[in-house]
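Q: I'm new to this structure and would like a close look at a single part of it. Could you walk me through the place where the two helices meet, and what lies around it?

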Amino acid sequence: AIPSTGSGNIFLLLDLHVSGILHYFEGPCLRLEMYAESILVEGIKALNLDSEIVDGRETRFMFASADLGRAKWVETFAQMFHTDLAFISKKRNFEHTEVHAVIGDVDGRAVIIYDDMTRS
């Protein structure tokens with residue numbers, strides 16, 4: 001547990017995987033979940049990822065979720081940018097992560113993967 005300070009603790013959490021995590025912080029504290037959506041949208045626009053035709057197929061960028069827990073976030077970004085989306089189904093143990101399936105056509109596409117863990 002994180003010990004309380006005399007004036008209480010402040011926890012600023014960014015894009016939580018599960019909002020219920022906020023309730024694990026007890027005692028006199030301020031706990032807030034902040035969202036990076038506006039910053040991410042601005043950054044993605046700055047990448048200037050235009051679509052092009054390769055072998056008769058549009059190669060517009062798309063969004064993917066590295067696990068099914070972020071599906072709603074990826075869907076929101078895909079709707080904003082009018083792109084396709086994909087999902088990765090994984091199996092994990094403490095030492096190894098294995099891709100079980102890729103749901104969506106990512107072949108030849110620039111894919112922006114939205115994930116909350118850098119090891120994925």
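A: Here is a walk through the helix pair, the core around it and the loop that comes after.

Keep in mind that this is a predicted model. For a bit of orientation, the protein chain has 2 helices and 8 strands. Going along the sequence, the order is β-β-α-β-β-β-α-β-β-β. Of the 120 residues in the protein chain, 29% are buried. If you take the contacts between residues at least 6 apart in sequence, 39% of them join residues at least 24 apart.

Now to the helices. H1 and H2 pack with their axes 12 Å apart, at an angle of about 45°. H1 is therefore oblique to H2, since the angle is neither under 35 degrees nor in the range from 65 to 115. As for handedness, H1 and H2 make a right-handed crossing. On the H1 side, the contact is made by Glu-37, Leu-40, Val-41, Ile-44 and Lys-45. H2 brings Thr-76, Phe-77, Met-80 and Phe-81 to the contact. Sort the residues of this contact by type and you get 6 nonpolar, 1 polar and 2 charged.

Let's zoom in on one residue from each helix. Leu-40 sits in helix H1. With a relative accessibility of 30%, Leu-40 counts as partly exposed, because buried would need a value under 20%. Setting aside neighbours within four places in sequence, Leu-40 is in contact with Asp-15, Phe-77 and Tyr-114. Leu-40 and Phe-77 are 37 residues apart in sequence, and their C-alpha atoms are 9.4 Å apart in space. Over on the other helix, Phe-77 touches Glu-37, Leu-40, Val-41, Phe-63 and Tyr-114, again leaving out residues up to four places away in sequence.

Phe-77 also belongs to something bigger: the largest nonpolar core, which has 12 residues. Its members are Val-41, Ile-44, Phe-61, Phe-63, Trp-73, Val-74, Phe-77, Ala-78, Phe-81, Phe-87, Ile-112 and Tyr-114. Helix H1 (37–46), helix H2 (71–81) and strand S8 (111–114) are the elements that give two or more residues to this core. H2 supplies the largest share, 5 residues. There is also a second, separate core of 5 residues, and Leu-13, Leu-16, Leu-22 and Phe-25 are among them. As a general point, nonpolar side chains in soluble globular proteins tend to be buried together.

What comes after H2? A loop runs between H2 and S6, and His-82 is in it. The phi angle of His-82 is near 55°, a positive value in a residue other than glycine. His-82 has 68% relative accessibility, so this residue counts as exposed.

Thr-83 is in the loop between H2 and strand S6 (85–92) as well. Thr-83, though, counts as buried, because its relative accessibility is 11%. Leaving out neighbours within four places in sequence, Thr-83 is in contact with Arg-60, Phe-61, Met-62, Phe-63 and Ala-78. Phe-61, Phe-63 and Ala-78 are names you've already met in the largest nonpolar core. Arg-60 is 23 residues from Thr-83 along the chain, yet their C-alpha atoms are separated by 7.3 Å.

One more stop and we're in the strand. Leu-85 lies in strand S6. Its relative accessible area is 27%, so Leu-85 is partly exposed. The contacts of Leu-85, leaving aside neighbours within four places in sequence, are Met-62, Phe-63, Val-74, Glu-75, Ala-78, Ile-103 and Gly-104. Leu-85 and Glu-75 are 10 residues apart in sequence, and 6.9 Å separates them from C-alpha to C-alpha.

Put together, the path goes from the oblique pair H1 and H2, through a core that takes its largest share from H2, past exposed His-82 and buried Thr-83, to Leu-85 in strand S6.

Definitions and conventions. Residues are numbered from 1 along each chain as its sequence is written. This is a predicted model: local features need pLDDT of at least 70, side-chain atom pairs count only at pLDDT 80 or more; totals for chains, interfaces and linings use all residues. Side-chain values use heavy atoms; hydrogens and water are left out. A nonpolar core is a set of buried Ala, Val, Leu, Ile, Met, Phe, Trp, Tyr and Cys residues joined through side-chain atoms within 4.5 Å. Buried means under 20% relative accessible area, exposed over 50%, partly exposed in between (1.4 Å probe, protein chains only). Helices (H or I, at least four residues) and strands (E, at least two) are DSSP runs, numbered from the N terminus. Contact means heavy atoms within 4.5 Å. Axes are lines fitted to C-alpha atoms, for helices over the stretch in contact, and angles run from 0 to 180 degrees between N-to-C directions. Angles under 35 degrees count as roughly parallel, over 145 as roughly antiparallel, 65 to 115 as roughly perpendicular and the rest as oblique. A crossing is left-handed if the near helix is turned anticlockwise from the far one by less than a right angle, and right-handed if clockwise. Ala, Val, Leu, Ile, Met, Phe, Trp, Tyr, Cys and Pro count as nonpolar, Asp, Glu, Lys and Arg as charged, and the others, Gly among them, as polar.
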